[in-house]
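User: I'm new to reading protein models and would like to work through this one with you. Can we start with the terms and then look at the parts?

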Amino acid sequence: MKSRFFTSEKIMDNVTMIAGLAGELCYLVEGREKALLVDGLSGAGSLKAFVRELTDMPVELVLTHSHPDHMGAAFEYGRCFIHPDDIPGLYEAGDAERRYDFVRAGAKDFTLRMEDVIPCAPVRTLPVRDGYIFDLGGRSLEVIAVPGHTWGHIVLLDRSARAVYSGDAVNCNTLMFLGGTSIEEYRESLLHLQSFESAYDVLWGGHGGVSVPKRIVPEAIGLCEEIMAGTDQKAPGEFMGRTAFYAREKDEAFRRYDGGIANIAYSTDRIWKNQVPRP
Ligand SMILES: [Zn+2]
């Protein structure tokens, strides 16, 4: 399905991937009784209205983390599940101008106006932590906490689809220099995610449009260890006007030259736990 603001594609049984104008992604997962919307895109256009066209079931919204490109629909639904550590981010990063700027920077065919962006509104936050289970009727999704990219980042394990909806937790351009935990703490989070590896084969993230094989997780753990040992490639890079090191050299499209998938953008003052106190 396609609208002015969104494109949807069925990727598995009862799972629909929805892309926003800047390619940011969310997932509508349907059980027998209700549906879970994993992430809320940037709020450019009404995601709630688009989702209504896709399912008649009651829909709950859960945010993997509270960055501007993942939270927009929270202001339409008026409630969302979120890890307590990411609730402040809803207020810090949620203003409509920031979400508009994100889409403006990322959209190729750009016709968006400020009045197309869902304005901020009160949101009832329902806290979820590691181990919380969403029962959708005949299908359950399990919360795995993966603090790293943000302090309250979670991913959702869908055992029936052998998939993880992973937000920005681990990908080819994992941003670890704009906030979130140290690399040391991120490594521990990835080891926790890795402990579930017998239950999933692929990860569907917040960007990119395709699933990534689960080997990305051990790869990223290896990169954290190299960063901590000072043996990574330290490729200079820039993202969103800020400079960072990439653990591995890559091209403009974030493809690694050595065939690996994972990459981490970091700064040297955010490697160790004692450099990055918990907020
Ligand atoms: Zn993010």
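Analyst: Sure! A residue is buried under 20% relative accessible area, exposed over 50%, and partly exposed in between. Keep in mind that this is a predicted model.

User: Is P218 buried, exposed or partly exposed?

Analyst: P218 sits in helix α6. Its relative accessibility is 37%. Since buried means under 20% and exposed means over 50%, P218 comes out as partly exposed.

User: How do the axes of α5 and α6 run, roughly parallel or roughly antiparallel?

Analyst: Helix α5 covers residues 183-194 and helix α6 covers residues 216-229. Their axes come within 9 Å and cross at roughly 155°. Angles over 145 degrees count as roughly antiparallel, so α5 and α6 are roughly antiparallel.

User: How many residues in the contact of α5 with α6 are nonpolar?

Analyst: On the α5 side you'll find, among them, Y186, L190 and L191. They meet a group in α6 including V217, I221 and M228. Besides one polar and three charged residues, the contact has this many nonpolar ones: 12.

User: Which strand of the largest nonpolar core, with residues 59-62, supplies at least two of its residues?

Analyst: That core has 33 residues, and L61 is one of those touching the most other members. Leaving aside neighbours within four places in sequence, L61 is in contact with L37, C80 and F81, among others. The strand at 59-62 is β5.

User: How many residues does the second, separate core have?

Analyst: This core includes L193, F196, I261 and A262. L193 is also one of the α5 residues that meet α6. The size of this second core is 29 residues.

Key
Residues numbered from 1 in each chain as written. Predicted model: local features only at pLDDT ≥ 70, side-chain atom pairs only at ≥ 80, totals over all residues. Heavy atoms only, no water. Core = buried A, V, L, I, M, F, W, Y, C linked by side-chain atoms within 4.5 Å. Buried < 20%, exposed > 50% of the residue type's maximum accessible area, 1.4 Å probe, protein only. Helix = DSSP H or I, 4+ residues; strand = E, 2+ residues; numbered from the N terminus. Contact = heavy atoms within 4.5 Å. Axes fitted to C-alpha atoms, helices over the stretch in contact; angles between N-to-C directions. Parallel < 35°, antiparallel > 145°, perpendicular 65-115°, else oblique. Nonpolar A, V, L, I, M, F, W, Y, C, P; charged D, E, K, R; others polar.
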